[in-house]
Amino acid sequence: MDQVTDQDICKHTDTCLQDYMLNKFKDVDTAKQTLVNTMIHSVGRDPRRATRRDWFFALAEILRGVLTERSIRTARTHSKKDVKRVYYLSMEYLIGRSLWKVLLDLGISDVVRRALDDFGFDLDEVDEYEFDAALGNGGLGRLAACFLDSLATHGYPGFGYGIRYEYGMFTQRIEKGQQVEYPENWLRYGNPWEVERPNVLYRVRFGGKIVCFKNSAGEQQCQWVDTDEVTAIAFDMPVSGYDSTTVGNLRLWSAKSSRDFNLGSFNEGNYVDAVKNKTASENLSKVLYPNDKTQRGQELRLKQEYFFVSASVQDIVARYLRHHDDDLEGLPDKVSLQLNDTHPALAVPELIRILVDEKSLTFENAFDIARRTFSYTNHTLLPEALETWPIDMLQGVLPRHLEIVYQINDAFLKMVRRTNPGDPAILKRVSLVDDDARAVRMAHLSIVASHRVNGVAALHTELLRTTLFSDFERIYPGKFVNQTNGITPRRWLRQANPGLAGLITEAIGPGWEKELEKLEDLVPLADDAAFREKFHAIKQENKHRLAELLKPGLRSEPDVETMFDAQVKRIHEYKRQLLNVLHIVSRYNLLRDGNGDDLVPRTAIFAGKAAPGYDMAKLIVRLINDVAEAINHDPKVDGKLKVVFVPDYRVTAAEVIIPGSDLSEQISTAGTEASGTGNMKLALNGALTIGTLDGANIEIKEEVGDDNIFIFGLTADGVHDLRRRGYDPWHHYNANEDLKRILDMIGEGFFSPDEPDRYKPIFDTLLRHGDHFLLLADYDAYVACQYEVDAVYVDPDEWVRRAVLNVARMGKFSSDRTIHGYAREIWGIRPLEV
């Protein structure tokens, strides 16, 4: 069969895939002509009547064309050179908006701005019509997005896989102080960046039973039969790199029923039954992290995780076989599969199932291939947060995969018995199956089936080795490695903070965007008064921009001369937003009592979502809002303290909050935060950190210096020792009148006079239920440290000097450095010039 040749492409399109579309932005007049043509021929609107949304879609359509040309060239280069690729499996990708990222990556933002100006439209206003892609929630998803950016920027052959959530996690609104969840309908007007691939679809199965028989060679072979089926359809989103011709890809799966419509039921008047199968099937890609407080919710989440990995692994194997015939032994030489936490862990038995059931490999051979292919990133030190699945549920939903897990466990435990003959208790501790809870431990499965396991900060990795997974460290010495997380400076400095990015380039020249360690050249400028003055002016401009975002929540004009004190992250007890509230109430009491003259005026900023089923986190959100209501309307405070909760925290909001913040609250209980990346983003934008020695805070302290960060509280060792000795929160309550007063105010209804017992569960959690995250133990040290913060802030020149040094010494925390480490030490891939 004849094929389209490169000569045909050049002859008939004049593109030759050499950035033909990008050349449409070579000057303003050409850009204007391209925009008008696209508006007419693709968007289908009269340019004279086009709205800002129409211009957004026209511009995105053109830019997608640019990325598609480069994506085709990238894929051709990878195939021609038969390179090893990494496939990143993640349930979340918190990518935010794409328009500004692509414009900056391609270097055409100025031309586009001028072209739209000539049409009477402002580029910033057009950008407001793009919805944040609702594909993630917290740091896990944002990390994945940063990694895709770094892979593309540095030319690594990488590919992301995830789910195309129709409604994201949820849109958070605050109603009467409470979090209320609404659907996040980000696809209401379509997604101009994606390309549907209706020819890329896979069958995903659930339920059924296992039938085993002897094949012609006399070997036992099993088949998974009588299953229910769902179809996974691919949607591709190209991922641009900064100043790079490489374009990566994020492939997202959407669930479609294999039986859309039952005409017989419809004709009989059973209209609900007619679409029941379709509705049930497509629920799999409706919402990120469905509420799992019920068994049906748990089962939906399990099916969702398997749907995602099954389609992805089938696609990866099919791509490999297109170029390597049936040489499955060579799969680990060309494919690296990265598990971003345990959500994709079912990819392990799925790959083995394909190799054994469909490709007729032995289990031993298939398991060996899997171990050389997979690697696993752990993101939690909390034992209660480690994912497990009930055996009964797995038996009903994925019986074949449960059987494979048993086979893996049997082989693993036999090896452990041989290597640890005098320690029978270890078998129960490391088993993939928790016999007491009748559940499969997904972290154990991920460790056993991976050739590398990494933590995401030095302390986190050390604690994995010495506490949480110490048995596995003994069994597999050298398997655990560290890759400290990072953030992309393109999004979090160049895009989010153009004023500061411009000042940096003016001072040290370009190139830092891809080599963040060059920021070290800013260190001498911390002592340059003129540079500090410019730096401070940019921070004040960013605070004015943030003030506009805060105004609806405060219902008044924010004072940009106050310290903007930010804690913006997922709401969780271990992150200790509640400790921050205790400190705020302590300042409030000083002001009420007339003793707050020496307090630095502050605006305390909170933002973050609580999981729909996490009642305590949602109660903390309500407390923050009730405390804000009391403080913001108390005349005794006289503008010295304001509290605001910014609803629906997402990437676009973070791009405003982070550059405008003065103080970064990173106050998790030591030994609980795996890494944190919000701490990096805020420090990179010139906020000083107040925090515990937890996660990446330790490494930030090492980089910026002890004098340029505010550290307080127990260390991880101190936490362990305190719990070992026996911790009594009542001791702190009775010994500290200030703390006792605060807790009584919360517990007895000062902030909820219409419902005095509203916050009794918080009081009980901190006192009667043991204060698991040690807020009261760290309270005195935290308050004392906040006074140190005040003492520095009253000297603006010193504060700015320290802020400059924070920016200058953040070079280590680029996701580029992290990706280079993964590529070299885990994946075995190399950058490639396209």
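I took buried to mean under 20% relative accessible area. Tyrosine 289 has 13%, so I logged it as buried. The model is predicted, and I kept that in mind throughout.

**Entry: backbone oddities**

I stayed with tyrosine 289. Its phi is positive, about 50 degrees, although the residue is not a glycine. I noted this because most residues other than glycine have a negative phi. Tyrosine 289 is in the loop between α10 (276-282) and α11 (295-324).

I then looked up aspartate 638. Here too phi is positive, at about 55 degrees, and the residue is not a glycine. Aspartate 638 sits in the loop between α25 (615-632) and β19 (641-646). Is aspartate 638 buried or exposed? Its relative accessible area is 66%, so I wrote down exposed.

**Entry: the loop between β8 and β9**

I picked two residues here. Threonine 246 lies in the loop between β8 (228-240) and β9. Aspartate 243 is found in the loop between β8 and β9 as well.

Threonine 246 has a relative accessible area of 4%, which means that it is buried. I listed its contacts, leaving aside neighbours within four places in sequence. They are Thr74, Ala152, Gly155, Val239, Gly241, Leu832 and Val834. I also checked histidine 154, which is 92 residues from threonine 246 along the chain. The C-alpha atoms of the two are separated by 7.9 Å.

Aspartate 243 has a relative accessible area of 56%, so I recorded it as exposed. Which residues does aspartate 243 contact, once neighbours within four places in sequence are left aside? I found Asp105 and Lys514. Alanine 152 is 91 residues from aspartate 243 along the chain. Their C-alpha atoms are separated by 9.7 Å.

**Entry: aromatic rings**

I counted 29 aromatic pairs in the structure. I opened the pair of tyrosine 161 and tryptophan 253. Their ring centres are 6.2 Å apart and their planes meet at 5 degrees, so I entered the pair as stacked. The pair links distant parts of the chain. Tyrosine 161 is in strand β2 (residues 158-163), tryptophan 253 is in strand β9 (residues 247-257), and 92 residues separate them. Tyrosine 161 has 0% relative accessibility, so it counts as buried. Tryptophan 253 is also at 0%, and therefore counts as buried.

Next came tyrosine 822 and tryptophan 827, an aromatic pair that is stacked. I noted 4.9 Å centre to centre and 25 degrees between the planes. Both tyrosine 822 and tryptophan 827 are buried.

I went back to tyrosine 161 to trace its cluster. Ring pairs join Tyr87, Phe159, Tyr161, Tyr202 and Trp253.

**Entry: charges over rings**

I found arginine 53 over the face of tyrosine 189, at 3.9 Å from the ring centre. Arginine 371 has its charged end over the ring of phenylalanine 367. There the distance to the ring centre is 4.3 Å.

**Entry: second largest pocket**

I put its space at about 1,200 Å³. The lining has 47 residues, and the closest to the centre are Arg97, Asp127, Glu128, Thr652 and Glu655. Several elements give two or more residues to the lining, including α4 (99-106), α5 (109-118), α6 (123-127) and β3 (171-175). Which element gives the largest share of this lining? I found α23, with six residues. By class, I tallied 17 nonpolar, eleven polar and 19 charged residues in the lining.

**Entry: cavities**

I counted seven cavities of 30 Å³ or more.

The largest cavity holds about 290 Å³ of space. I listed 23 lining residues, with Ile95, Ser98, Lys101, Val239 and Arg491 nearest the centre. At least two lining residues come from each of α4, α7 (139-153), β8 and α21. The lining divides into twelve nonpolar, four polar and seven charged residues.

The second largest cavity holds about 130 Å³. I noted 16 lining residues, and those closest to the centre are Glu130, Phe131, Gly190, Asn191 and Pro192. What classes make up the lining of the second largest cavity? I entered eleven nonpolar, four polar and one charged.

Note on methods: Residues numbered from 1 in each chain as written. Predicted model: local features only at pLDDT ≥ 70, side-chain atom pairs only at ≥ 80, totals over all residues. Heavy atoms only, no water. Phe/Tyr/Trp six-rings, centres within 6.5 Å; stacked < 30°, edge-to-face > 60°. Helix = DSSP H or I, 4+ residues; strand = E, 2+ residues; numbered from the N terminus. Buried < 20%, exposed > 50% of the residue type's maximum accessible area, 1.4 Å probe, protein only. Lys NZ or Arg CZ within 6 Å of the ring centre and 35° of its normal. Contact = heavy atoms within 4.5 Å. 1 Å grid on protein atoms, 1.4 Å probe; cavity = no way out; pocket = protein on both sides within 12 Å on 5 of 7 lines; lining within 4 Å. Points joined across faces, edges and corners; volume = space filled by probe spheres on them. Nonpolar A, V, L, I, M, F, W, Y, C, P; charged D, E, K, R; others polar.
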